[in-house]
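User: Hi! Could you walk me through this one? I'd like to start with the strands and then look at a helix pair.
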Amino acid sequence: MMTRRNLLAAATAGGLAASTSAPASNKPNVILIVADDLGCRDVGCYGASDLKTPNLDAMAATGALFDNWYSNAPVCAPARAAILSGRFPAKAGVANNGKPMTAGIANFGSTLKANGYATAAIGKWHLGSDAATCPNGHGFDYFYGFHSGCVDFFSHRYYWGEPRLANYHDLWRNRTEIFEDGQYLTERIAAEAVQFIHKQKRTPFAAYVAFNAPHYPMHAPAKYVSRFASLSPERRIYAAMIAAVDDGVGEIRRALREDGLLDNTIMIFVGDNGATTEKRAGLNQEYATGGRNGQFRGFKFSLFDGGMHVPAMMSWPAKIPAGQKLGEQVMSMDILPTLCRATGSKLPDGAKFDGSDILDVVTSKAKSPHKALFWSQGGQLAVRRDEWKLVIDGRVYDRKPEGSKPLTGEDAMFLSNLVDDPGESKNLRRLHPNIVDELATLVQQWHATLPKE
């Protein structure tokens, strides 16, 4: 069917055919899974007691669970740009939501494709929708999913742009709009990932599987909701959405096992940012309460830890020792550099990463390669060095109207010791002025290297 948005593309990219040849090498396969607005501690293996995530827990047990993994941004599109490009969000063209990832930039799809991998992007994209910035334009052989920041889970329509933008349908296979009305999108994303695995089982493959749960709208079929009868209504739907993702992870791992690929597949699971308090995710026009960030201060959009201290795990049974819990400080932009080394993939001439290779961290418990971690988002700046973290003009985005406004007075420059105070509850700026000066200088110097927004 020809639609208005088919005109954005010059041609329709074909689906991937099943390979019938024997594997050309022993390269590991790659499955990179991202969850959307997942609370920092809303996974069983991270201590959630009222949620059930047996498949994620099993995945974590086969490899490394990270206790200090940070997103590069506390909001969707910039976080995903860093995951896919190995660069700070602004250097990938995505300092804020609504920006496309720079056309032609080296990324997960283009880099692994150039090094012999069949590539797929399945699920949420949120990094561009024209011919050059949609997934097929960024080097993915196959795409199933949607271009915008969120869609209704059953009608697959984007409803959140009015009055500026009329609502529209947004579900695609490669460059062609498709219609699967009534089918629950979380289940469809998992099914597409399984199908891709089975088709490509004889050649190296790399799939980016981006679930849009538990991002609003808060939708889940009764079979998931019924698992959490004892929870409050809002938490119940949130838990059901996570359960559907967890089931999908189980189906992906089962497909790998059936095809004899599980041991030599690198699986990574990571959240894009912390849980949200947006009213669009809540009930009765009130601030959302479904997601929880544990002891961490702040929520989505905040540079306090609740905004971008995310759950993450990495499994590669052939290489990564099982049962690890790692405390090293790493970031989502480290994923692609690590995968390049693990798969023997090279970057195009002139391309470079901001992230670091952390393969030794997960295979031999090496120290983090980062001397400091940096963030910039919505007028906020933050830096972490060892146990110290400084947030400048921070916002907490809690369930109060003033939460979206910058902290003022003494707290506009907020220094925490995250070992003693992981909840960033006590401002130590007056007790350690030298550390404040050092960290403020570091983050300002780093910020000056970013492209102007």
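**Strands and a helix pair**

Analyst: Happy to! Keep in mind that this is a predicted model. A good place to begin is strand β1 (residues 29–35), which runs parallel to strand β10 (residues 205–210), with five bridges joining them.

User: Nice. Which residue stands opposite I31 in β10?
Analyst: That's A207.

User: And which strand pairs with β1 over seven bridges?
Analyst: Strand β11 (residues 265–271), and that pairing is in the parallel sense. Within it, V30 has I266 of β11 opposite.

User: Is β1 largely enclosed or not, and why?
Analyst: Seven of its seven residues are buried, so β1 is largely enclosed by the rest of the structure.

User: Which way do the β1 residues point?
Analyst: N29, I31, I33 and A35 point one way, while V30, L32 and V34 point the other way, and all are buried. That fits the general rule: in a regular strand, side chains alternate between the two faces of the sheet.

User: Switching to helices: how do α1 and α6 cross?
Analyst: The axes of helix α1 (residues 54–61) and helix α6 (residues 233–258) cross at roughly 50 degrees and come within 7 Å. That angle makes α1 oblique to α6.

User: Which residues meet there?
Analyst: From α1 you have P54, N55, L56, A58 and M59, and they meet D246, D247, V249, G250 and R253 of α6.

User: What's the mix by class?
Analyst: The contact of α1 with α6 has five nonpolar, two polar and three charged residues.

Note on methods: Residues numbered from 1 in each chain as written. Predicted model: local features only at pLDDT ≥ 70, side-chain atom pairs only at ≥ 80, totals over all residues. Heavy atoms only, no water. Buried < 20%, exposed > 50% of the residue type's maximum accessible area, 1.4 Å probe, protein only. Helix = DSSP H or I, 4+ residues; strand = E, 2+ residues; numbered from the N terminus. Pairing = 2+ DSSP bridges. Axes fitted to C-alpha atoms, helices over the stretch in contact; angles between N-to-C directions. Parallel < 35°, antiparallel > 145°, perpendicular 65-115°, else oblique. Contact = heavy atoms within 4.5 Å. Nonpolar A, V, L, I, M, F, W, Y, C, P; charged D, E, K, R; others polar.
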